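Work through these exercises with the model open beside you. Try each task before you read its solution.

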Amino acid sequence: MLAAPVQAACWEPEEYEAARMRDVQTVLMVSALKCGRAMPEMAPAYNRWVGRARTDLIEGEKKLLAHFVREGDKLKYDKFTTALANKYSELADHPSFCTRAKALFDADEAQNGILVKVVTLLNARPNGVEEMCPRQSRASVIVVSPFDALPVDTAAPAAASAPPAPTQTAAAETPAGATSTPEPAATPAASPAPASPTP
């Protein structure tokens, strides 16, 4: 079952954008972990992407963590990131998940980090993000994430293919078989390490 979304306070625009960045980063991290057997190039592609997006991942993670600090409950940050990982771990069983993720890696590599530039334009709300704060308003941009429409495969995934549920520590680890490109940090003060930005 998917983890229940965390009920959070309203989201400031920069917090929303940080959540969208984390949403896409989680998609790519899960793809590196779950698609690696059939597509061994995925883990190295993920690490190269983290290298290109490192600064944005770290800055976004600071803003994301600040949202939960503002709420007065840092533990919700862990619940939020775990819920995202669980959501995409289930979607990863869909046949097109890995090919869509690979297309994102390929586009980002071909266009020198384009994902960081377009991720905040995605209008589909990330899992766990509720209402925007009323005093702010975002331009309405109709862009759909390539993963938002994926149906969840109800068949139970093979036990061997399911990675452990990411935690702050596990999420920061490099996917098996990946190259040693440095990754962003788990908390604002920490040194870079990603999957959970933990960029």
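The exercises below use a predicted model.

**Exercise 1. Find the disulfides**

Task: State how many disulfides there are, and which cysteines each one joins.

Solution:
- Step 1. Apply the cut-off: two cysteine sulfur atoms must lie within 2.5 Å.
- Step 2. Test C10 and C133. Their S to S distance is 2.1 Å, and a disulfide joins them.
- Step 3. Test C35 and C98. Here S to S is 2.0 Å, and again a disulfide joins the two.
- Step 4. Count. The total is 2 disulfides.
- Step 5. Number the bonded cysteines in sequence order. The pairing reads 1-4, 2-3.

**Exercise 2. Describe the link of C10 and C133**

Task: Decide whether the link of C10 and C133 is right-handed or left-handed. Then say what parts of the chain the pair ties together.

Solution:
- Step 1. Look at the angle about the S-S bond. It is 85° for C10 and C133, and the link is right-handed.
- Step 2. Place each cysteine. C10 sits in the segment before α1 (13-34), and C133 in the loop between α5 (114-118) and α6 (168-171), so the pair ties together parts 123 residues apart in sequence.
- Step 3. Check C10 for exposure. Its relative accessibility is 26%, so C10 counts as partly exposed.
- Step 4. Check C133. Its relative accessibility is 4%, so C133 counts as buried.

**Exercise 3. Describe the link of C35 and C98**

Task: Repeat the analysis for C35 and C98. Which handedness does this disulfide have?

Solution:
- Step 1. The torsion about the S-S bond is about -85°, so the disulfide of C35 and C98 is left-handed.
- Step 2. C35 lies in the loop between α1 and α2 (42-71), while C98 belongs to helix α4 (residues 97-110), so the pair ties together parts 63 residues apart in sequence.
- Step 3. Buried means under 20% relative accessible area. C35 has 1% relative accessibility, so C35 counts as buried.
- Step 4. C98 has a relative accessible area of 15%, so C98 is buried.

**Exercise 4. Pack two helices**

Task: Describe how α1 and α4 pack, and name the residues that make the contact.

Solution:
- Step 1. Take the geometry. The angle between α1 and α4 is about 120°, and their axes are 10 Å apart.
- Step 2. Take the hand. The crossing of α1 and α4 is left-handed.
- Step 3. List the contact residues. From α1 come V27, L28, V30 and S31; from α4 come F97, A101, L104 and F105.
- Step 4. Sort them by class. The contact of α1 with α4 has 7 nonpolar residues, 1 polar residue and no charged residues.

**Exercise 5. Three single residues**

Task: Place N112, H94 and T81. Are they buried or exposed?

Solution:
- Step 1. N112 is in the loop between α4 and α5. Its phi is near 55°, a positive value in a residue other than glycine. Relative accessibility is 61%, so N112 counts as exposed.
- Step 2. H94 is in the loop between α3 (75-91) and α4. With a relative accessible area of 19%, H94 is buried. The H94 side chain makes a polar contact with the side chain of S96 (2.9 Å).
- Step 3. T81 is in helix α3. Its relative accessible area is 6%, so T81 is buried. T81 and T26 are 55 residues apart along the chain, and their C-alpha atoms are separated by 8.3 Å.

Terms used. Residues numbered from 1 in each chain as written. Predicted model: local features only at pLDDT ≥ 70, side-chain atom pairs only at ≥ 80, totals over all residues. Heavy atoms only, no water. Helix = DSSP H or I, 4+ residues; strand = E, 2+ residues; numbered from the N terminus. Buried < 20%, exposed > 50% of the residue type's maximum accessible area, 1.4 Å probe, protein only. Axes fitted to C-alpha atoms, helices over the stretch in contact; angles between N-to-C directions. Left-handed = near helix turned anticlockwise from the far one by under 90°. Contact = heavy atoms within 4.5 Å. Nonpolar A, V, L, I, M, F, W, Y, C, P; charged D, E, K, R; others polar. Polar contact = N/O pair within 3.5 Å; in protein donor to acceptor, adjacent residues only side chain to side chain.
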